[in-house]
Amino acid sequence: MKNIAALQSSVLTGKNSSFKLQLKLIEENWSRGNFHEEFYCTEDGNIFGYILTLNNNDLISAINLYIDDNANITEINSFLDECFSQRNMTRFCKYFISVSLQSQHFDHLFGVIEKKLDTKYREEPSLFKHKMFKAPLSDPEDISVPQGYILGPLQLTCADLIATQWAEDLELNTNEDTPLSILRSTVLANINERPGFGIYKEEDPRLPVAWITMYSGGELGMLHVVKEHRRRKLGRVLLREMLGALRAALGEDLQTHCFVKSHNRGCQDLLLSEGWREQQYNNKRMYFHTDYLSQLDK
């Protein structure tokens, strides 16, 4: 396996849609954060790649893997040695790290990854028990915003509101500044670098009563409607607006996806009614540092 020059998203084939989408966002400058990409090729011509997402402290917070559909187990193991090298692992975020991949060897890959993480990081399903849904390829139909509301882009001034709600959804302690500051920085990047939409009351358009953003990996997220404004199709409006903006800007062949908490039947029903389809397995797992988990138990 040899290191090769970076590839463009247009040449990637197979079922690795999440990797291709993130690479496309980087190419289009929709993800202006700190990323590092590496690509490899085997003697048989099989292609591998990974994208590292680095936080403000230059630590790795996420890894997205590209695995050739024709790869064998020996090639996969060699690639994982490159991706989870000692050099990379010493730069992992001290709170958590997400690993994304799509492959027919899903179980084997995560089995090897968990061994490489040893005891420093472990999966904690109670903190990330989500289902994955993939968007339809058809264009969403136009839908009107209900009377009394305004649809518009999210502003940076909304970041604190969205981050605080996100922390509550994740059941994190909002009194701890460090985890909240990590969420806030992610929200700011989502608003500043990619499309994000909010719905505002006409009588008070300062802060949104519903919102949706897009992560650097291309998945939609943070969809939320304030309780007093639910059952008015605000979530449906936001979902179609975001999907339409993505397809218009990046092309119709790229499929986005999202992750929904397993117990959130309302959001799951919304996605299914909009033509989204649940995937057989999540392409992302969250691994939390054991020191961080011990702090949560106190």
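# Paired strands, packed helices and D68

Student: Which strand does strand 2 (residues 34-41) pair with, and in the parallel or antiparallel sense?

Tutor: Strand 2 pairs with strand 3 (residues 47-54) in the antiparallel sense, over eight bridges, where pairing requires that DSSP finds at least two bridges between two strands. Strands (E, at least two residues) and helices (H or I, at least four) are DSSP runs, numbered from the N terminus. One bridge joins H36 to L52 in strand 3.

Student: Before we go on, what kind of model is this?

Tutor: It is a predicted model, in which local features need pLDDT of at least 70 and side-chain atom pairs count only at pLDDT 80 or more, while totals for chains, interfaces and linings use all residues. Residues are numbered from 1 along each chain as its sequence is written, and side-chain values use heavy atoms, with hydrogens and water left out.

Student: OK, so what's the strand order in the sheet?

Tutor: The open sheet has seven strands in the order 1-2-3-4-5-14-6, with mixed pairing. Strand 1 (2-4) and strand 6 (121-123) each have a single partner strand, so one side of each has no neighbour in the sheet.

Student: New topic: how do helix 2 and helix 4 cross?

Tutor: The axes of helix 2 and helix 4 come within 11 Å and cross at roughly 35°; axes are lines fitted to C-alpha atoms over the stretch in contact, and angles run from 0 to 180 degrees between N-to-C directions. Where they meet, I73, I76, N77, L80 and D81 of helix 2 face H108, L109, V112, I113 and K116 of helix 4, a contact meaning heavy atoms within 4.5 Å.

Student: And D68, where does it sit, and is it buried or exposed?

Tutor: D68 is in the loop between strand 4 (60-67) and helix 2 (73-83), and it counts as buried because its relative accessibility is 13%, with buried meaning under 20% relative accessible area, exposed over 50% and partly exposed in between (1.4 Å probe, protein chains only).

Student: What does its side chain reach?

Tutor: A polar atom of the D68 side chain lies 2.9 Å from the backbone nitrogen of I47, and one also lies 2.9 Å from the backbone nitrogen of N70. Leaving aside neighbours within four places in sequence, D68 is in contact with G45, N46, I47 and F48.

Student: Last one: what about D118, buried or exposed?

Tutor: D118 counts as exposed because its relative accessibility is 55%. D118 lies in the loop between helix 4 and strand 6, and has a positive phi of about 55° although it is not a glycine.

Definitions and conventions:
A polar contact is a pair of N or O atoms within 3.5 Å; within protein, one must be able to donate a hydrogen and the other to accept it, and residues adjacent in sequence count only if both atoms are side-chain atoms.
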